[in-house]
Structure formats: structure tokens, C-alpha cells
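Please open the model in your viewer and keep the sequence panel beside it, since this tour moves from one selection to the next.

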Amino acid sequence: MEIKAAVLYEPNRPLVVETVQLDDPSDGEVLVRMAAAGVCHSDYHVMKGEWSLPLPAVLGHEGAGIVEKVGPGVGRVRPGDHVILNFRANCGRCHHCVVGRPVLCDGIETPRSGLFDGTVRLHRDGNDINHMARTACFAEYTVVPESGAVPVRQDMPLDKACLIGCAVMTGVGAATNTARIQPGANVAVIGCGGVGLNAVQGAALSGADRIIAVDVLDNKLEYARQFGATDLVNAGNGDAVARVTQMTGGGVDYAIEAIGRSSTIQQAYEMCRLGGLAVIVGMAPEHDTIEINALSLPRTERAIVGSYYGSARPWVDLPKLADLYMNGRLMIDELISRSYKLEDINTAYDALGAGEVARSIIEFS
Ligand code: APR
Ligand code: ZN
């Protein structure tokens, strides 16, 4: 079928919104009509050439829609199901899937820029187009592996559901699944974009006492207050580590980094109290490294852990987050600063780059 999609041909060039061809779903695949997609920083990393992805590619990995058609052998989803896209579609059989860590699935050997069988469903004039994260949802329709389309309750609004697919799961999950924040703990969140704001609300859901939001932009810190931050630190006005350490009398129990920069990852480690845990969510440019004083590890018993996609079990956690939203326990409406049409996606990314928004979404009509 012919669909409209946003294609990246070269890093540091605008996305091209154009008509491309999308094949029918093959074995174990699902065709989804997109309702909404989130404008996330991860696609921006690809647009800026910080992460490699074979190009051309249709970007977008945070989305929700309605199943239009299923391929042979699909048993878990049906046409008409409302789904949140899971950008870590998994095999269900490898060690990591079996032990309950599906986001670490390594059972599929083909690149994540196509479907499980190693081919793509997107083409233009006979040339192949790759799929960002096997999701490619900056498009009116997409074909994804069955495990990448997770059904949710039909009363969950899809324009809100799309953000559960990345920002909400990644941020809330970093606090609840990866860090397992204890009630009464003190927490710092460095970076209050779409992901960090959700780490703030994940800390609040976990019953944290002080939640210190750190950003360089005051508008982001104000959003953080709305999401449950008790203290705001503008890292542009002096040493954030010293301020957090002083405010908490020795450092926080958990520091969550949601930017993806070596310097702020080091800050997260340094603002933890003795025995504290630094949780690294932000995804740095591919070749960056961090420096940590080696002796400080045994001396402080601090730990540093990565958190990918909020250590999600998507088939359990995505519907659960939808329930929390529907029960009034999770803020998503407040996260959506703007809504754009697919044609205006480059403007949406300019606004993200300029730090103007908490999150914006693309809505397909
Ligand atoms: N100190 C503190 N805050 C900073 C700094 C800094 N040195 N530099 C940038 N920030 C803040 C920005 O002001 C912004 O509010 O970090 C925030 C980043 O937010 P977004 O650009 O909205 O990014 P988001 O989509 O939340 O993703 C954050 O998580 O999943 C990953 O790939 C994603 O690496 C990205 C990170
Ligand atoms: Zn994302």
C-alpha cells in the first residue's frame, strides 16, 4: 500500500515527508494504522548522526495505533486491537526473555533496522527503506513484529498511549523497575525532558521523600515541579553535585540521569550518598566514555547501573501504565506540550532541540 512517512536520507538534513510503499505483514507480523507518535530525543540522536542507523530510514519508535491486519501465525493480537508499539520486540525464547528481561533479548540476529527475517517492508521506487527500531512509526501505517504491538484497553486515548511506548515506560520504569526506589528515599533526576519528567513521577509513585530535579532550563524545572519534584536545581547556576550533596546532607539514595552526556552521568554517580545507586537512562553518543575514580567504587560502595526502556516487561508494564493513567495515578496530559501533523515533523524536532517542550506528539488523522 501507499503511505505517507517521514524519511531520513542523510544525517543533519530535514526529514522528508513523502509517499512510500509498505508491504503486507509477513509471518508473525502485524500492520498497525498509527494514531499518534511521540517526538523523542532518540530519533534526534539518529538525525544528528550520533547513532548509526542504515539510511534511508523511517524514524519514530514511540507510538500507538489500531491493528489493521495480521500476518500468518499471529495469535496474540487481532485486527481492531488498540496497541502501544514496543520498540524492543523480542523473541520470547532466549535466555534474557526467559528470565524476564525481554528488553535485553538477543535471540534475533538480524539488525533492528528491519523485521525479524532481515528484510524491510518499506520501499520507494524499488529501493529499500529501513525501519527505526523495528517500529518506524513516523508513518500513517507500520508493520511490526507481533511482540512489538502490545494491546491495551480500548478506553485508553491513543494520543496519550503513544507516550507510554517510550518516555513514560523509560522514565517511570527507571525509578520503579531498575532502581526499585524505596519509600522515603531521596532521589535526584538529572535532565527533565520527556524521559526525566517521567523518572520524577516514577519516584513520586514509589513514595520517594525528596525528589530533586536538575536541569539547565527553568521551564523544564517548572514542569518537573508539576510531576512531583520537591526541589529544583538549575545546573547552569553553579555546581549541581555540590548543591545536591549539601541539600541532602551527603547525597541522594538514587540519582537518575536522563540526558545521555558523560559529564552528567559522572555527576549522577558523584551526587549519590555512600552506598547510593546511579541509574543511567540517557543514551550518549556511540563512542563516548565516562571516567569514574576507581578507588571510589570500593570506598563508597556506590553502584552504577544502566536502565534500558525502564527495564520493561512490555506486555505487562505497558497495559499497567495505561491502567494507572486511567485511574488518575499517572500524568500524561501534562506531558504533551504540542501536537503536530506529520508534515510539520521538522518543526517539532526544532522545538525539541531548542528545549521548548516537555513532549510533543505527531497526530495522524
Ligand atoms: N545539565 C542538566 N540538564 C541538561 C543538561 C545539563 N548539562 N544538558 C541538557 N539538559 C536537559 C535539557 O534541558 C532537557 O530538558 O536535559 C533534558 C533532555 O530532554 P529531551 O531533549 O526532551 O530528551 P528526552 O526525550 O527526555 O531523552 C533523554 O533519554 O532515552 C534517552 O535517547 C534519549 O538520551 C536521551 C535521553
Ligand atoms: Zn524514545
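A residue is called buried here when its relative accessible area is under 20%, and exposed when that value is over 50%. Keep in mind throughout that this is a predicted model.

Begin with the whole protein in view, where the secondary structure amounts to 10 helices and 18 strands. The C-alpha trace spans about 60 × 40 × 40 Å along its principal axes, and the radius of gyration is 20 Å, which agrees with the value near 21 Å that a compact globule of 365 residues would have. If you colour the residues by accessibility, the buried ones make up 56% of the 365 residues.

Next, select the strands β1, β2, β7, β8 and β4, which in the order β1-β2-β7-β8-β4 form a closed barrel of 5 strands with mixed pairing. Within this barrel, zoom in on β1 (residues 2-8) and β4 (residues 57-58), which pair in the antiparallel sense over 2 bridges, and look for L8, whose bridge partner in β4 is A57.

From β4, step back into the loop between α1 (41-47) and β4, where P56 is found. The peptide bond that joins L55 and P56 is cis, with omega of about 0°. Such a bond deserves a look, because most peptide bonds are trans.

Now select β18 (residues 359-363), of which 4 of the 5 residues are buried, so that this strand is largely enclosed by the rest of the structure. Which strands pair with β18, and in which sense? Strand β3 (residues 29-38) pairs with β18 in the antiparallel sense over 3 bridges, with I361 as the bridge partner of G38. Strand β17 (residues 336-340), by contrast, pairs with β18 in the parallel sense over 4 bridges, and there R338 stands opposite S360.

The last stops are two residues chosen for their backbone angles, given that most residues other than glycine have a negative phi. Select D125 in the loop between β7 (122-124) and β8 (127-131), where phi is positive at about 50° although D125 is not a glycine. Then move to R134, in the loop between β8 and β9 (141-145), which is likewise not a glycine and has a positive phi of about 55°.

Is each of these two residues buried or exposed? D125 has 64% relative accessibility and therefore counts as exposed, whereas R134, at 5% relative accessibility, counts as buried.

Notes: Residues numbered from 1 in each chain as written. Chains lettered and ligands numbered in written order. Predicted model: local features only at pLDDT ≥ 70, side-chain atom pairs only at ≥ 80, totals over all residues. Heavy atoms only, no water. Rg over C-alpha atoms; globule rule 2.2 N^0.38 Å. Buried < 20%, exposed > 50% of the residue type's maximum accessible area, 1.4 Å probe, protein only. Pairing = 2+ DSSP bridges.
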